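Me: I am new to this one. Please take a close look at a single part of it and tell me what that part packs against.

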Amino acid sequence: KYMKSCFGCSLDYLVTASDPVRSNRLRTLPSNEAHKIPKELWRIVDHLYRRGGLYEVELFVTDGYPDEVKGIMESLDCGEPFEKVSLHSMAETLVRFLSSLESRVFSAAILKQAHHSKTENLHSFCRLSLRQLNPLQYRVFTYVVSFIREILKHKEHNKLSVDLLAPVFATCLFEDDGAGKAASCPEPFSQPRKQLPMKPEPRMPYIEDEQDPDLIN
């Protein structure tokens, strides 16, 4: 039986969904009440931020545990609290969530339009591309980039760099060809990733009373 999931939905659908996609209370919010970003995106980033993800060594370049990733996805769909999981599993879920969107934040059409501007200046190309985003796409992009910047502030602890993170997030935020087709979700990484040698004990205490805030209103 098919089970509805937030993975594979559009940004527009997710921000106008009042509750998790499998909730019995699910309704469509009017545009003036819509979330600023998908609540699922906020939950993942908030978990990583509050549980030490900024300091986790090689976050986003080390695989999580498949069973944990599956459990996190289920929690997002049902609105259940997260179990005690590896930060690497949560990070992998973030990349999979962005990769699975019905349309990537930067569609092939947007990139093609910017490319046809024939600008040779990288700064100008980036500015032109950002101008093509609608307000929702722009908020999601800036939210993710702000989180990446926070991670890089602690690179002396997490051993991460722009060179390591850029390929990962470019792959999940940008469509990968000129035909308007996004890369498939299961393997969104463009380079070999490291495997965790064994399932570790959680480093951060599990907070059971997780609450949804107003998403960057």
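Reply: An axis here is a line fitted to C-alpha atoms, for helices over the stretch in contact, and angles run from 0 to 180 degrees between N-to-C directions. This is a predicted model, in which local features need pLDDT of at least 70, side-chain atom pairs count only at pLDDT 80 or more, and totals for chains, interfaces and linings use all residues. Residues are numbered from 1 along each chain as its sequence is written, and side-chain values use heavy atoms, with hydrogens and water left out.

The part chosen is helix 4, residues 87-100; helices are DSSP runs (H or I, at least four residues) numbered from the N terminus. Leu87 belongs to this helix and is buried at 9% relative accessible area (buried is under 20%, exposed over 50%, partly exposed in between, with a 1.4 Å probe and protein chains only). Beyond four places in sequence, Leu87 is in contact (heavy atoms within 4.5 Å) with His47, Leu48, Arg51, Gly52, Gly53, Glu56 and Leu59. Asp63 is 24 residues from Leu87 in sequence, and their C-alpha atoms are 9.9 Å apart. Leu48 in turn touches Leu87, Met90, Ala91 and Leu94, among others.

Helix 3 (66-78) packs on helix 4 at about 60 degrees, with the axes 9 Å apart. That angle makes the pair oblique, since under 35 degrees counts as roughly parallel, over 145 as roughly antiparallel, 65 to 115 as roughly perpendicular and the rest as oblique. Glu68, Val69, Ile72, Met73 and Leu76 of helix 3 meet Ser89, Met90, Glu92, Thr93 and Arg96 of helix 4. By class, this contact has five nonpolar, two polar and three charged residues (Ala, Val, Leu, Ile, Met, Phe, Trp, Tyr, Cys and Pro are nonpolar, Asp, Glu, Lys and Arg charged, the others, Gly among them, polar).

Helix 9 (residues 162-173) is another partner: its axis comes within 7 Å of that of helix 4, crossing at roughly 35 degrees. Here Leu94, Val95, Leu98 and Ser99 of helix 4 meet Val168, Phe169, Cys172 and Leu173. This contact has seven nonpolar, one polar and no charged residues.

Leu94 and Leu98 also appear, with Leu41, Leu48, Phe60, Phe97 and Phe169, as the residues with the most contacts inside the largest nonpolar core, which has 49 residues. Such a core is a set of buried Ala, Val, Leu, Ile, Met, Phe, Trp, Tyr and Cys residues joined through side-chain atoms within 4.5 Å. Helix 4 is one of the helices that each supply at least two residues of this core, while helix 7 gives the largest share, nine residues.
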